Amino acid sequence: MNDKKRLMDIINIIDPGKRVIDVGTDHGLVPLYLAKNELCDDILGTDISASSLKKLEDELDDSLKKVIKTKVTDGFNGIEKKR
């Protein structure tokens with residue numbers, strides 16, 4: 001399957017305005033797309049690998065840092081539930 005199509009399939013099932021956690025975000029393509037297209041304004045990108053997560057962090061300018069947060073973690077470990 002084409003990676004771009006796979007990512008767009010994921011993006012298309014996300015309800016605009018919802019909070020999003022992208023577990024295993026790697027380069028953060030989904031969070032970046034959602035934020036840049038103003039589809040979501042509360043996004044957490046996580047990855048077990050700090051070096052992989054840094055690829056996303058390097059793409060964040062000041063405005064994107066307000067929307068996308070990052071965390072090195074395994075799955076949902078250490079992620080607080082927001083109400």
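**Surface, fold and core of the predicted model**

The protein exposes about 5800 Å², and carbon and sulfur atoms supply 49% of this area. The structure described here is a predicted model. Of the 83 residues in the protein, 30% are buried. The charged side chains comprise 15 positive and 16 negative ones. The centres of these two sets lie 4 Å apart.

The fold contains 4 helices and 3 strands. Read from the N terminus, the order of the elements is α-β-α-β-α-α-β. The radius of gyration of the protein is 12 Å, close to the 12 Å that the globule rule gives for 83 residues, so the protein is as compact as a globular protein of that length. Along the principal axes, the C-alpha atoms fill a box of roughly 30 × 30 × 25 Å. Contacts within the chain were also sorted by separation in sequence. Among contacts between residues at least 6 apart in sequence, 52% join residues that are at least 24 apart.

The interior was examined next. The largest nonpolar core has 15 residues. Those with the most contacts inside this core are Leu-32, Leu-34, Ala-35, Ile-43, Leu-56, Leu-60 and Ile-68. At least two residues of the core are supplied by each of α1 (3-12), α2 (29-36) and α3 (50-57). The largest share, 4 residues, comes from α2.

Helix α2 was therefore considered in more detail, given that its share of the core, 4 residues, is the largest. Its buried residues are Val-30, Pro-31, Leu-32, Leu-34 and Ala-35. The cover over the buried residues of α2 includes the helices α1, α3 and α4 (62-65). This cover also includes the strands β1, β2 and β3 (68-72). Within α2, Leu-32 is one of the residues with the most contacts inside the core. When residues up to four places away in sequence are not counted, Leu-32 touches His-27, Leu-56, Glu-59, Leu-60, Leu-64 and Ile-68. Among these partners, Leu-56, Leu-60 and Ile-68 are also listed with the most contacts inside the core.

Three residues in loops were then examined. Pro-16 is placed in the loop between α1 and β1 (20-23). The relative accessibility of Pro-16 is 60%, so Pro-16 counts as exposed, the cut-off for this class being over 50%. Pro-16 and Lys-36 are 20 residues apart along the chain, and their C-alpha atoms are separated by 13 Å.

The loop between β1 and α2 holds Asp-26. The phi of Asp-26 is near 55°, which is a positive value in a residue other than glycine. With a relative accessibility of 27%, Asp-26 counts as partly exposed, because this value falls between the 20% limit for buried residues and the 50% limit for exposed ones.

On the other side of the helix, α2 is followed by Glu-38. Glu-38 has its place in the loop between α2 and β2 (43-47). Its phi is positive, about 55°, although Glu-38 is not a glycine. The relative accessibility of Glu-38 is 72%, so this residue counts as exposed.

Note on methods:
Residues are numbered from 1 along each chain as its sequence is written. This is a predicted model: local features need pLDDT of at least 70, side-chain atom pairs count only at pLDDT 80 or more; totals for chains, interfaces and linings use all residues. Side-chain values use heavy atoms; hydrogens and water are left out. The radius of gyration is taken over C-alpha atoms; the globule rule is 2.2 Å times the number of residues to the power 0.38. Buried means under 20% relative accessible area, exposed over 50%, partly exposed in between (1.4 Å probe, protein chains only). Contact means heavy atoms within 4.5 Å. Accessible areas come from the Shrake-Rupley method with a 1.4 Å probe; for residues, only the protein chains shown count as cover. Lys and Arg count as positive and Asp and Glu as negative; His and the chain ends are not counted. The place of a charge is taken as NZ of Lys, CZ of Arg, CG of Asp or CD of Glu. A nonpolar core is a set of buried Ala, Val, Leu, Ile, Met, Phe, Trp, Tyr and Cys residues joined through side-chain atoms within 4.5 Å.
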